[in-house]
Amino acid sequence: MSDAPYELYYWPQIQGRGELVRLALEEVGVGYVDVARQATEQGGGIDAIRRVLDDAKRGRHFAPPILVAGEITVSQTASILDFLATRHDVLLPDPASRHRALQLQLTFADFMSEVHDTHHPIATSAYYEEQKEEARKRTAAFLGTRLPKFCNYFEAVLRDNEASKRQHLVGAGFSYVDLSAFQVHSGLAYAFPKAFEAQRKSIPLLVDLRDRVAARPRVSAYLGSTRRVPFSEHGIFRHYPELDLTGGPRS
Ligand SMILES: N[C@@H](CCC(=O)N[C@@H](CS)C(=O)NCC(=O)O)C(=O)O
């Protein structure tokens with residue numbers, strides 16, 4: 001048994017949405033168990049996720065990531081981050097920014113869902129190979145209009161945030177939303193290197209934010225550790241060369 005204050009339940013082999021929670025826990029520097037990455041004999045594996053999803057006493061949760069903090073169980077990524085931010089000032093030093101942070105975080109959730117749908121436009125339960133033609137069309141539309149719309153939106157949020165000297169998305173300083181900006185823009189560069197390169201020149205503040213977040217001591221140590229699951233063609237950000245730049249970017 002671990003005496004770490006948090007247990008994270010998330011798919012063990014992918015970054016996915018759980019990565020936004022892992023990054024937050026790593027930045028706080030608090031102890032946590034990434035339960036499904038533990039051996040089955042130690043109560044880990046994906047059966048652990050099923051147990052917590054099916055546990056009526058925990059309130060029933062629809063999908064991972066799920067965070068357990070003693071008696072409290074929270075799901076929905078944005079809700080987990082909001083919960084952690086109420087407990088750890090480093091994730092959101094200014095409580096007055098709470099709703100702004102949540103609003104931006106939910107916009108990142110929308111963005112990530114659209115990235116997911118580029119390779120799974122028809123059915124999450126079917127393989128990419130079974131929906132390649134639809135994926136090609138969906139990705140063309142995503143790269144042509146939605147990627148620039150989301151990226152230019154977050155760039156404008158940064159540009160407008162004079163309180164942080166255009167360095168952070170929320171309030172005067174660092175917050176968990178910056179961690180999500182790092183993850184999403186790293187993922188986009190992995191999945192769509194050509195499209196991201198074409199987009200890059202119109203989002204200099206976001207690219208700078210991504211690089212500054214990666215250099216934060218705890219984030220940097222995490223990224224260099226085996227706790228960081230690599231990007232792959234099983235997660236949300238997948239690199240299929242045939243999809244990259246199918247539509248051509250419009251800024
Ligand atoms: N809105 C939820 C989405 C959760 C979600 O879609 N989780 C994925 C993994 S990233 C999953 O396992 N979904 C299973 C399902 O929807 O049946 C969140 O942001 O946490």
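**View 1. Pro-65 sits in the loop between helix 2 (46-53) and strand 3 (66-69).** This is a predicted model, so read every close-up here with that in mind. The peptide bond leading from Pro-64 into Pro-65 is cis, and its omega is near 10°. That same loop, the one linking helix 2 and strand 3, also holds Arg-60. Phi of Arg-60 is near 60°, which is positive even though the residue isn't glycine. For context, most residues other than glycine have a negative phi, and most peptide bonds are trans.

**View 2. Here's the shell of residues around the ligand.** Going along the chain, you meet Tyr-10, Trp-11 and Arg-17, then the run Phe-62, Ala-63, Pro-64 and Pro-65, and finally Gln-76 and Thr-77. Sorted by class, that shell comes to six nonpolar residues, two polar and one charged. Both partners of the cis bond in View 1, Pro-64 and Pro-65, are part of this shell.

**View 3. Zoom in on the N and O atoms of the ligand and its neighbours Arg-17, Pro-64 and Thr-77.** Arg-17 puts a polar side-chain atom 3.2 Å from a ligand oxygen. With Pro-64 it's the backbone that takes part: an N or O atom there lies 2.8 Å from a nitrogen of the ligand. Thr-77 goes back to side-chain chemistry, with a polar atom 2.8 Å from an oxygen of the ligand. How much of the ligand's accessible area does the protein cover? On its own the ligand has 500 Å² of it, and the protein covers 65% of that.

**View 4. Pull back a little and you get the largest pocket, the space that the ligand takes up.** Its volume is about 960 Å³. The lining runs to 38 residues, and those closest to the centre of this pocket are Tyr-10, Trp-11, Arg-17, His-116 and Thr-124. Tyr-10, Trp-11 and Arg-17 should look familiar, as they also surround the ligand. As for how we find such spaces, rolling a probe the size of a water molecule over the atoms shows where empty space is left.

**View 5. Two helices show up in the lining of the largest pocket: helix 3 (77-87) and helix 4 (98-119), each supplying at least two residues.** Which helix gives the most to that lining? It's helix 4, with eight residues. Split by class, the lining has 19 nonpolar residues, 14 polar and five charged.

How values were computed
Residues numbered from 1 in each chain as written. Predicted model: local features only at pLDDT ≥ 70, side-chain atom pairs only at ≥ 80, totals over all residues. Heavy atoms only, no water. Near = heavy atom within 4 Å. Polar contact = N/O pair within 3.5 Å; in protein donor to acceptor, adjacent residues only side chain to side chain. Areas by Shrake-Rupley, 256 points an atom, 1.4 Å probe, with all protein chains shown as cover. 1 Å grid on protein atoms, 1.4 Å probe; cavity = no way out; pocket = protein on both sides within 12 Å on 5 of 7 lines; lining within 4 Å. Sits in = over half its atoms within 2 Å of the grid points. Nonpolar A, V, L, I, M, F, W, Y, C, P; charged D, E, K, R; others polar. Points joined across faces, edges and corners; volume = space filled by probe spheres on them. Helix = DSSP H or I, 4+ residues; strand = E, 2+ residues; numbered from the N terminus.
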